[in-house]
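The exercises below are to be worked with the sequence and the model open side by side. Each one sets a task and then takes the solution step by step.

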Amino acid sequence: MNISTNVGVWIGAIAALGIYSVLIKDNPFYRLVEHIFVGASAGIAIVTGVQTFKSQAWSPLTGGQWVLIFPMLLGVLLYARYVPQYSYLNRLPLSLMMGAGAGVAMRGAVESQIVGQLTATMVKLTTLDAWIIFLGTLLSLSYFFLTYKLEGGAAWAPRLGRYFMMAAFGAAFGNTVMGRVSAAIGRFQFIFLEWLGM
Amino acid sequence: MFLRKTVPTIIAGVCGVVVVVAYFFEIAPIKDLASHILKWQSVIAVFALGLGGVNIIRLHTKNLQRDPKNFYSLALLVTFVITIVVGLAMGQTSAAYTFIFDYINVPTGSAIFSLLAFYIGTAAYRAFRAKNAEAAILLITGCIVMLGRVPIGAKILPFTAPATDWIMSVLNVGGQRGVMIAGAIGFIAVSLRIIVGLERRAYGGE
Amino acid sequence: MDILEKLQNIDKRVFYLLMALAIAIPTISPLGLGVDVTPAVQRTFDFVASLPDGGRAVIGFDYEPGDEIDLNPQAKAILHQLGAKKIKVVAIASFPAGAMFAEQCLAILEEYGYEYGKDYVNLGHYAGGEATLAAFANNPTAIFAKDWRGNDTSSLPIMQEVKSMKDFTMAMTLNDGPTGGTGTHEWVRQAVMAHNVPLIMGVTGVLAASNETYVQSGQCKGILAGLRAAAEYEQLVNKLAEGTVGMDAQSMAHLLIVIFVVLGNAAMFLSKRAKGGAA
């Protein structure tokens, strides 16, 4: 064992142990570390925000794009929410962001998430896998026919669709476990290898 | 009324329509206008980054006013201020700022998220019971993928590795694609409602 | 309470302890189980290998602390491959922490003789998610006037070569989800659909299943899912690192969860049968 002499490693390891202590019972040490994390994260977001402000807004403005003064004023209006009598003014910048955001997302979603996906499904069904993907897509889509209920002989379609979706969610769950476990592995490596030097 | 309702609706509508039209048609002035709109929204978005910080300061200073012995809020605010001072005064590439990121932010953040490894395991143990066909399918595919994704799975049950590849690229695609298409249709409907002014709640309207 | 009922209701703290041991023991003394390369990772590697040497890649570091254990090793492994191919790299980040992770990972490129500003650049964080990514795709320097280190981007040789997303030979997003940043759907829309730039994804395990549809449809050229994919990629580029080290612990933790699930179900069935028999 070759315990680290790096102060940072000690702080990081003790913080991680503080977080893990909640697995035994909620306790003040856990809550303290949790609050410190939120404080540091918010601080990092602000520092990065200042840098982003310089890069995305201030530098272009001082470089001659004076028109950017208008979106900057609109940006300031976001803070009108803290002044009750003028809080409605924050709707102006928000409406621009929401309108532009909705437009950008919508124009691509038609192509990527509908046309692209349907094109990949409507292929020559020469293999069993192609048939499974085709039927799986069709049946799971039938589950979302919410305007009318498929009844009688057609009721099997959404039921089979649900089975396909359950298989997909099972796969998603298996992968989710992998993701969460690897986060714990990262911390354990830090504690045992980097801190304790085992 | 005009500033509260009409102007935001017009702004959202014009911005949305211009951005969509610029994508599908080669009209130079519209393309130009769309790129200005996107630039403007990026500048406004920068200001939105500060809202989180303001909310945190308001909440925790109120906590401290109510109870000056609230050690947690004090610790949060002290860490918040130190991080900002170090970041702004010494720079983001400075050793002190990197220290805060590497040894406070990352270890605690990772440890918090990794708690889910423990919770998700017990949740699987308690909830994954094959009580009906749907639950059985979920359980079986979940277990195969869990084993197939790690080296020991291939050692104990060799079929799990190819089965996982097949589940991911065939069975999973069938189910996920239906969800994706249905989700996209809903998403487009909401976007359209925002653009034509039927969904004013998105920007604080009613 | 009989044994079958007990097996269905084991105290969660017992599970926590076993889980901690399942991760800790292989971390301290590795089992050396080895990792086989799966078709998904091989496909991604082959795609990058097929790109012409000396091209340009844009990489989105779209993740926060908590997911860096999955995505940092993926980033480092793929940067080794890009470095060997002399592909220039432009890094952007939709999360504040992403820019810091980018700075750490990009250091690898210096092993391959890369020069900052000429062969690679960390542009830092951008606010505004997908709409800003769309603006970046139209004109990168209009969004990033300064890079992460504070240099004017217009003065950097690498940025003088990039006028739009079309100037990149590939795009990659290292992604842990859309909340607060730019998600994988957004990258498909803005890189692939709008500018026809081939995209690969490095994602956390959580996002693997939902993004597989893009691989099957050809909209995404390859996907790396979680630490396992990082371990496989490390083998392919012959740089064993964090990903490979973690695989033994990953194995034992998964095995433990599956054993518990099987145990719970077996106890439930046996208990039902016993009750049925008694009735």
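**Exercise 1. Describe the contact between chain A and chain B: how many residues does each chain give, and what area is buried?**

Step 1. With contact taken as heavy atoms within 4.5 Å, chain A contributes 110 residues and chain B contributes 108 residues. The model is predicted, so that local features need pLDDT of at least 70 and side-chain atom pairs count only at pLDDT 80 or more, while totals for chains, interfaces and linings use all residues. Residues are numbered from 1 along each chain as its sequence is written, chains are lettered from A and ligands numbered from 1 in the order in which they are written, and side-chain values use heavy atoms, with hydrogens and water left out.

Step 2. The size of an interface is often given as the accessible area lost when the parts come together. Buried area here is the accessible area (1.4 Å probe) that two parts lose on being put together, summed over both, and for chain A and chain B this area is about 9800 Å², with 78% given by carbon and sulfur atoms. On the side of chain A, the residues that lose the most area to chain B are A:Y82, A:R91 and A:R107, which together account for 8% of what that side buries.

**Exercise 2. Which polar and charged pairs cross from chain A to chain B, and which helices of chain A carry that side?**

Step 1. Between chain A and chain B there is 1 salt bridge, a term that requires a side-chain nitrogen of Lys or Arg within 4 Å of a carboxyl oxygen of Asp or Glu. The partners are A:R162 and B:E134, at 2.8 Å from N to O.

Step 2. Polar contacts (pairs of N or O atoms within 3.5 Å; within protein, one must be able to donate a hydrogen and the other to accept it, and residues adjacent in sequence count only if both atoms are side-chain atoms) link 21 residue pairs across this interface, both residues being at pLDDT 80 or more.

Step 3. Helices and strands are DSSP runs numbered from the N terminus (helices H or I, at least four residues; strands E, at least two). At least two residues of the side of chain A that touches chain B come from each of α1 (7-20), α2 (28-62), α3 (69-77), α4 (91-121), α5 (128-142) and α6 (156-195) of chain A, and α2(A) gives the most, with 27 residues.

Step 4. Sorted by class, this side of chain A holds 74 nonpolar, 26 polar and 10 charged residues, where Ala, Val, Leu, Ile, Met, Phe, Trp, Tyr, Cys and Pro count as nonpolar, Asp, Glu, Lys and Arg as charged, and the others, Gly among them, as polar.

**Exercise 3. Is B:T108 buried or exposed, and which residues does B:T108 touch?**

Step 1. B:T108 belongs to helix α4 (residues 95-127) of chain B.

Step 2. Its relative accessibility is 2%, so B:T108 counts as buried, on a scale where buried means under 20% relative accessible area, exposed over 50% and partly exposed in between (1.4 Å probe, protein chains only).

Step 3. Leaving aside residues up to four places away in sequence, B:T108 touches A:A15, A:I19, A:V33 and A:F37.

**Exercise 4. Describe the contact between chain C and chain A, and find its salt bridges.**

Step 1. Here 53 residues of chain C meet 45 residues of chain A. The two chains bury about 3900 Å² between them, 66% of it on carbon and sulfur atoms, and C:T27, C:R189 and C:V206 supply 13% of the area that chain C buries against chain A, more than any other three residues.

Step 2. There are 2 salt bridges between chain C and chain A. One joins A:R187 to C:E68, with the closest N and O atoms 3.6 Å apart.

Step 3. C:D67 also forms a salt bridge with A:R180, at 4.0 Å between the closest N and O atoms. This pair runs from the loop between β1 (56-62) and α4 of chain C, where C:D67 lies, to helix α6 of chain A, which holds A:R180. C:D67 is buried because its relative accessible area is 11%, and A:R180 is likewise buried, at 17%.

**Exercise 5. Where in chain C do C:E232 and C:R228 lie, and are they buried or exposed?**

Step 1. Both residues lie in helix α11 of chain C, 4 residues apart, about one turn of the helix. They form a salt bridge whose closest N and O atoms are 2.7 Å apart.

Step 2. C:E232 is buried, with a relative accessible area of 1%, and C:R228 counts as buried at 6% relative accessibility.
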